[in-house]
Amino acid sequence: MIKTSISVIIPVYNAQDTIERAVKSVLDTAGLISEIIVVDDGSDDRTPQILKLLASEHPQIRLFAGGHKGVSAARNTGINNAKGEWITFLDSDDYIETSNISAAAEYLTHDTDMVVTQVTEHRKERTKVLERRKLLINDPCKHPGQWLSPLITGSVWANFYRRDILTDSNISFCEQLSAYEDLFFNISYLKSCRNSLAAVPVSLYHYFVNSSFSEKTFLRRDMAVFAAFEMIFGICTENEHPYVRLLYTERLIRAMRHLIMLTGCYENEYAKLRSELSTQYLFYLFSRKASIKMKLALLAQSVYPYKMLH
């Protein structure tokens, strides 16, 4: 078994019903997890009491106060205080498959810069494994564009990052972003990778989709696409822009889909997204990397007005 040290960072806010499950899922890991850093972002439910009790029973748990500054600030606090060679993130309403930690640890070698694992996605209507292993091969990372995919760069959980790359390259979460902060973080990280990226063939992470968000939350996230990708394009080279444009166009399409499904009337917001999507239309339509399904969605949302689709 590979000898390494892993820091698990858990940002939490008002998660009294799930935080114990999340923390306990990384406690029984045969010593592979060296520390569990929990950053409480100002919870006002029973979360602080639950965490204090767990920390009193398990010395590897380290508690920090986040000050209600958001998930990005909480994760940055965790990074700044981590001591492990590798860092991974766990959301407070998810959990890690304890029995598969050792399988993931085998990939945490000196010549690997990033490791992704398979994800089991839980929705009310179904549970499925998100296949990520087909998206990666163990070759040196020439530039981050070749690895850009929503399944890899869209989230930070289920990934392992080298702490020395994060500190040496001064990589952190952008606290000014209200959405897409994970994508910004992952692209920043990939740009600093020099060795191979690996995919673990087993499911490690259990992700629970939160379907209780309000319409305002969905609207805020969808319309944040403009500011987020302006920053993302700003840190990428011209060679990387085509890959980022693919992600950008797909996020615009998905944002338009969301607006159609919401009960309120968001015709102005839809028009703004549609106008921006028109600037990416030909590029995406003729891209070999874009899926047929997304191209059909692009055609539908480019042709039909909001009122007809809503």
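This report walks through some salt bridges, strands, helices and a surface patch in the structure above.

The model is predicted, so a few ground rules apply: local features need pLDDT of at least 70, side-chain atom pairs count only at pLDDT 80 or more, and totals for chains, interfaces and linings use all residues. Residues are numbered from 1 along each chain as its sequence is written, and side-chain values use heavy atoms, with hydrogens and water left out.

## Salt bridges

Let's start with charge. Side chains of opposite charge can pair when their charged atoms come close. Here, a salt bridge means a side-chain nitrogen of Lys or Arg within 4 Å of a carboxyl oxygen of Asp or Glu. That rule gives nine salt bridges, including these:

| Pair | N to O distance |
|---|---|
| E20 and K24 | 2.8 Å |
| R62 and E35 | 2.8 Å |
| R75 and D91 | 3.2 Å |

Two terms will help before we look at each pair. Helices (H or I, at least four residues) and strands (E, at least two) are DSSP runs, numbered from the N terminus. Buried means under 20% relative accessible area, exposed means over 50%, and partly exposed is in between (1.4 Å probe, protein chains only).

How far apart in helix α1 are E20 and K24? They are four residues apart in α1 (residues 19–25), which means about one helical turn separates them. E20 is partly exposed, with a relative accessible area of 34%, and K24 is partly exposed too, at 42%.

The pair of R62 and E35 links distant parts of the chain: R62 is in strand β3 (residues 61–65) and E35 is in strand β2 (residues 33–40), 27 residues apart. R62 is partly exposed at 21% relative accessible area, whereas E35 is buried at 5%.

For the last pair in the table, R75 sits in helix α3 (residues 71–81) and D91 in the loop between β4 (86–89) and β5 (95–96), so the bridge ties together parts that are 16 residues apart in sequence. Are R75 and D91 buried or exposed? Both R75 and D91 are buried. There's a further partner as well: salt bridges link R75, D91 and D182 in a network.

## Around β2 and α3

Back to strand β2, the home of E35. Seven of its eight residues are buried, so β2 is largely enclosed by the rest of the structure.

Strands count as paired if DSSP finds at least two bridges between them. Strand β1 (residues 6–12) runs parallel to β2, and seven bridges join them; one of the matches puts V8 with I36 of β2. β2 also pairs with β3 in the parallel sense, over five bridges, and there I36 stands opposite I61. To get from β2 to β3, the chain passes through helix α2 (residues 47–57) in a right-handed β-α-β crossover (with the strands pointing away from the viewer, the path from the first strand over the helix to the second runs clockwise).

Helix α3 has buried residues of its own: S72, A73, A74, R75, N76, G78 and I79. These pack against β1, β2, β4, α6 (163–168) and α7 (181–190), where contact means heavy atoms within 4.5 Å.

## A nonpolar patch

Finally, the surface. I292, L296 and L299 form a nonpolar patch there, with about 290 Å² of accessible area together. Patch residues have over 30% relative accessible area and no salt bridge; like charges are joined within 9 Å, and nonpolar side chains (Val, Leu, Ile, Met, Phe, Trp, Tyr) within 5 Å. The areas come from the Shrake-Rupley method with a 1.4 Å probe, and for residues only the protein chains shown count as cover. L299 lies in helix α13 (residues 292–303) and counts as partly exposed at 33% relative accessibility.
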